[in-house]
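Here are some notes on the model you sent, set out as numbered points. They begin with the order of the elements and end with single residues.

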Amino acid sequence: MTNKKNPIDNKVKKYIDNLFFEVGASQQLFDLKEELTTNMKEKIGDYKSRGMEGEQAFKEAVISMGDLSGLVDDMRKLGQDKARQAIYSTMTSRISTAGIIAGALLSLFGMFTVIMLFFMNSSGEAALSGEGVAGPGIFIVAGGALITYSILTRETQRKYSMNKIRAALYGLSIGLLLFGLFTAFVTHFSTDEMYKAIASLMVFSLGGIGLFLFLILTETDRRKT
């Protein structure tokens, strides 16, 4: 999702893009540019909080970044080394695949266990409380968060992978939404009071939705050009 940037953000992007203008595109270069952009914006924000105007804060941030020619040379060499790029992409792809599979298995384990305990309880084979039946649903929460993180850190033919911290925050937001549903079911089964279940859902879902909206509205363009 693209968003309208303020003039300073555009200036930072243009500065970083010009810095690596002649460097071949790669996932590592994309990650480095994201990191440098974040650092510059934080420095600019810090300078502005001390009373500087936007333009002066930008100049001070550029100076504080120091000489980046070494990084440019490293990225240029990496951009020419297709073998290393292929190894890096393959490794990240395998890690992402492992995360997706593990997340799916965790979620399925949680779902099957909840269903199994429900029918065991119904048939009189076990004397579990409602919250005991819903308890394994916590695996669905963990699995959903892991799947979200793993998908977003996966490089595709059209998009670079997302910054790992940002992907983790997306995973956290989905985890909070799922945890809200989990606590709502557990609270309902343990208290038999719907308003308490809704209160539990509200606390965690509001946090998850708020974080998700923040991430969506500050999303950066990861499309390959």
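1. Read from the N terminus, the elements of the chain follow the order α-α-α-α-α-α-α-α-α, which amounts to nine helices and zero strands. Please keep in mind throughout that this is a predicted model, and that every value below is computed from it.

2. On overall dimensions, the chain has a radius of gyration of 23 Å, whereas a compact globule of 225 residues would have one near 17 Å. Taken along the principal axes, the box filled by the C-alpha atoms is roughly 70 × 45 × 25 Å.

3. Of the 225 residues in the chain, 32% are buried, and the exposed surface of the chain comes to about 13700 Å², with carbon and sulfur atoms supplying 65% of that area. Among the contacts in the chain with a separation of 6 or more, 67% are between residues 24 or more positions apart.

4. As for charge, the chain carries 25 positive and 22 negative charges, and the mean positions of these two sets lie 7 Å apart.

5. Helix H9 spans residues 194-217, and its 24 residues reach 33 Å from the first C-alpha to the last, which is close to the 34 Å expected at 1.5 Å a residue. Its buried residues are Ala-197, Ser-200, Ser-205, Gly-208, Leu-211 and Leu-215, and the cover over these buried residues includes helix H8 (164-191). As background to such a pattern, an α-helix has 3.6 residues a turn, so residues three or four places apart point the same way.

6. Leu-152 belongs to helix H7, which covers residues 138-152. Because its relative accessible area is 18%, under the 20% cut-off, Leu-152 counts as buried. Once its neighbours within four places in sequence are set aside, Leu-152 is in contact with Ser-161, Met-162, Ala-167, Tyr-170 and Arg-222. One of these partners, Ala-167, is 15 residues from Leu-152 in sequence, and the two are 5.8 Å apart in space, C-alpha to C-alpha.

7. Which backbone angle of Asp-192 is worth a second look, given that it is not a glycine? Asp-192 has a positive phi, about 60°, and most residues other than glycine have a negative phi. Asp-192 sits in the loop between H8 and H9, and because its relative accessible area is 60%, over the 50% cut-off, Asp-192 counts as exposed.

Notes:
Residues are numbered from 1 along each chain as its sequence is written. This is a predicted model: local features need pLDDT of at least 70, side-chain atom pairs count only at pLDDT 80 or more; totals for chains, interfaces and linings use all residues. Side-chain values use heavy atoms; hydrogens and water are left out. Helices (H or I, at least four residues) and strands (E, at least two) are DSSP runs, numbered from the N terminus. The radius of gyration is taken over C-alpha atoms; the globule rule is 2.2 Å times the number of residues to the power 0.38. Buried means under 20% relative accessible area, exposed over 50%, partly exposed in between (1.4 Å probe, protein chains only). Contact means heavy atoms within 4.5 Å. Accessible areas come from the Shrake-Rupley method with a 1.4 Å probe; for residues, only the protein chains shown count as cover. Lys and Arg count as positive and Asp and Glu as negative; His and the chain ends are not counted. The place of a charge is taken as NZ of Lys, CZ of Arg, CG of Asp or CD of Glu. The expected span of a helix is 1.5 Å times one less than its number of residues.
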